[in-house]
Amino acid sequence: MTGRSPEADKLRRVRLWDPLVRSFHWLLVICVCTAWYLGEFGPGIMTLHFYFGYAIIALLAIRIIWGFIGAWPARFQHFVYGPGTFFRYLSGIGKRRPSLWPGHNPVGALSVFLLLGVLGLQAFTGLFADPDDFINRGPLANSVPGMVGWATSIHQVLPPIILLLVLLHLAAIVFYKVYKNENLVPSMLHGRKIVRGAVPADRIIEELPE
Ligand code: HEM
Ligand code: HEM
């Protein structure tokens with residue numbers, strides 16, 4: 001979002017998150033929780049863990065493609081913000097009122113990129129991981145033996161970081177609900193949200209009074 005005009009400042013109910021983003025999100029939640037649980041506490045033979053890992057790779061690939069060819073506001077270009085926008089948003093984050101941001105806000109966007117990046121790295125390194133137990137060898141561990149050492153280490157180090165990022169993600173959602181009186185969750189369920197800011201005309205459901 002760049003320049004502000006009276007038009008851009010109107011309050012509107014819009015169709016925000018499209019069905020692909022919503023399906024991606026909730027499938028990712030299921031797959032990450034399951035893969036994480038199976039990796040940490042699952043049975044010794046981790047075939048199921050691998051399947052959920054493959055599903056995560058497929059989901060991330062689809063979301064990355066959608067980030068380039070998808071519609072507003074799912075495209076990455078709509079939530080890559082410069083430092084000025086980021087710090088301006090951050091300085092006002094303590095105000096006790098809804099942000100009404102159309103899309104991922106500058107702080108949320110950073111956490112989205114972090115989550116996508118860390119999950120991508122976790123899934124990628126799983127392909128080459130080999131903990132020397134002769135059972136759970138990543139499917140590419142034999143083909144590229146040079147990567148096994150560092151890939152296994154990274155695959156073992158990242159899970160607590162993923163847990164921390166997910167907890168921060170949930171804490172941010174609770175903060176917006178409780179402190180800023182803005183519930184972000186329904187828009188990830190049915191797609192609709194009240195926002196203030198420039199939005200494409202075909203996404204507007206209704207103009208709202210101030
Ligand atoms: C393993 C757990 C989770 C992961 C890995 C995760 C990951 C993500 C990612 C990657 C996005 C960006 C979506 C996109 O643009 O494609 C996102 C957004 C979002 N997630 Fe999650 N999520 C998790 C759990 C949850 C849960 C349990 C809730 C609800 C209680 C939730 C609510 C949301 C909401 C509301 C947004 C949109 C935030 C905004 O308006 O900017 N997430 N999540
Ligand atoms: C984001 C997706 C993934 C998550 C959250 C995840 C999580 C985990 C966790 C928590 C462990 C246990 C680590 C430990 O013992 O310290 C593990 C081990 C393992 N995972 Fe994954 N994993 C994912 C994707 C994959 C993929 C795609 C593959 C390969 C197809 C894979 C293959 C393995 C292997 C071979 C191990 C045993 C390595 C070891 O114990 O060091 N993982 N994973």
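Two strands are said to pair if DSSP finds at least two bridges between them. With that in mind, consider β1 and β3 of this chain: 3 bridges join them, and the two strands run antiparallel. I should say at once that the structure we are discussing is a predicted model.

Allow me to begin with the overall layout. The chain contains 6 helices and 3 strands. Read from the N terminus, the order of the elements is β-α-α-α-α-α-α-β-β. The C-alpha atoms fill a box of roughly 65 × 30 × 30 Å, taken along the principal axes. Of the 210 residues in the chain, 20% are buried. Let us also look at contacts between residues at least 6 apart in sequence: 68% of these join residues at least 24 apart.

I return now to the sheet. In general, the strands of a sheet pair through backbone hydrogen bonds, either parallel or antiparallel. Which order do the strands take here? The 3 strands form an open sheet in the order β2-β1-β3, with antiparallel pairing. The edge strands are β2, residues 192-196, and β3, residues 204-207, and each of them pairs on one side only. From one strand to the next, the twist averages 30 degrees.

Strand β1 covers residues 11-15, and 5 bridges join it to β2, again in an antiparallel arrangement. Individual residues show how this works on both sides of β1. Toward β2, R15 has R192 as its bridge partner, and V14 stands opposite K193. Toward β3, the bridge partner of R12 is E207.

V14 leads us to the interior of the model. As a general point, in soluble globular proteins nonpolar side chains tend to be buried together. Which residues form the largest nonpolar core in this chain? That core has 8 residues, namely C31, V32, A35, F52, I56, L59, L119 and A123. Three helices, α1, α2 and α4, each supply at least two residues of this core. Apart from it lies another core, of 6 residues, and V14 is one of them, together with L16, W101 and V199 among others. Within the largest core, F52 deserves a closer look: leaving aside residues up to four places away in sequence, F52 touches C31, T34, A35 and L38.

The next topic is the two ligands. Around ligand 1 there are 20 residues, and V32, H104, G108, L184 and M188 come nearest. The elements that give two or more residues to this shell are α1 (19-41), α4 (106-126), α5 (148-178) and α6 (185-189). Which of the elements gives the most? It is α1, with 7 residues. By class, the shell around ligand 1 divides into 15 nonpolar, 4 polar and 1 charged residues. Please note that V32 appears both among the residues nearest ligand 1 and in the largest nonpolar core.

Ligand 2 is surrounded by 27 residues, the closest being G39, G53, G126, P131 and P159. Here the elements giving two or more residues are α1, α2 (47-69), α4 and α5. The most come from α2, with 6 residues. The shell around ligand 2 has 16 nonpolar, 10 polar and 1 charged residues.

Finally, I would like to turn to the backbone. Most residues other than glycine have a negative phi, and most peptide bonds are trans. Where does this chain depart from that pattern? One case is the peptide bond from W72 to P73, which is cis, with omega near -5 degrees. P73 is found in the loop between α2 and α3, the latter covering residues 83-91.

Another case is L100, whose phi is near 55 degrees, a positive value in a residue other than glycine. L100 lies in the loop between α3 and α4. Is L100 buried, exposed or partly exposed? A residue is buried with 20 or more other C-beta atoms within 10 Å of its own, and exposed with 12 or fewer. L100 has 15 C-beta neighbours inside 10 Å, and therefore counts as partly exposed.

N181 likewise has a positive phi, of about 55 degrees, although it is not a glycine. This residue is found in the loop between α5 and α6. N181 has 10 other C-beta atoms within 10 Å, so it is exposed.

Thank you for your attention.

Terms used: Residues are numbered from 1 along each chain as its sequence is written. Chains are lettered from A and ligands numbered from 1 in the order in which they are written. This is a predicted model: local features need pLDDT of at least 70, side-chain atom pairs count only at pLDDT 80 or more; totals for chains, interfaces and linings use all residues. A residue is near a molecule or strand if its C-beta atom, placed from the backbone, lies within 6 Å of it. Helices (H or I, at least four residues) and strands (E, at least two) are DSSP runs, numbered from the N terminus. Ala, Val, Leu, Ile, Met, Phe, Trp, Tyr, Cys and Pro count as nonpolar, Asp, Glu, Lys and Arg as charged, and the others, Gly among them, as polar. Axes are lines fitted to C-alpha atoms, for helices over the stretch in contact, and angles run from 0 to 180 degrees between N-to-C directions. A nonpolar core is a set of buried Ala, Val, Leu, Ile, Met, Phe, Trp, Tyr and Cys residues joined through C-beta atoms within 7 Å. Two residues are in contact if their C-beta atoms, placed from the backbone, lie within 7 Å.
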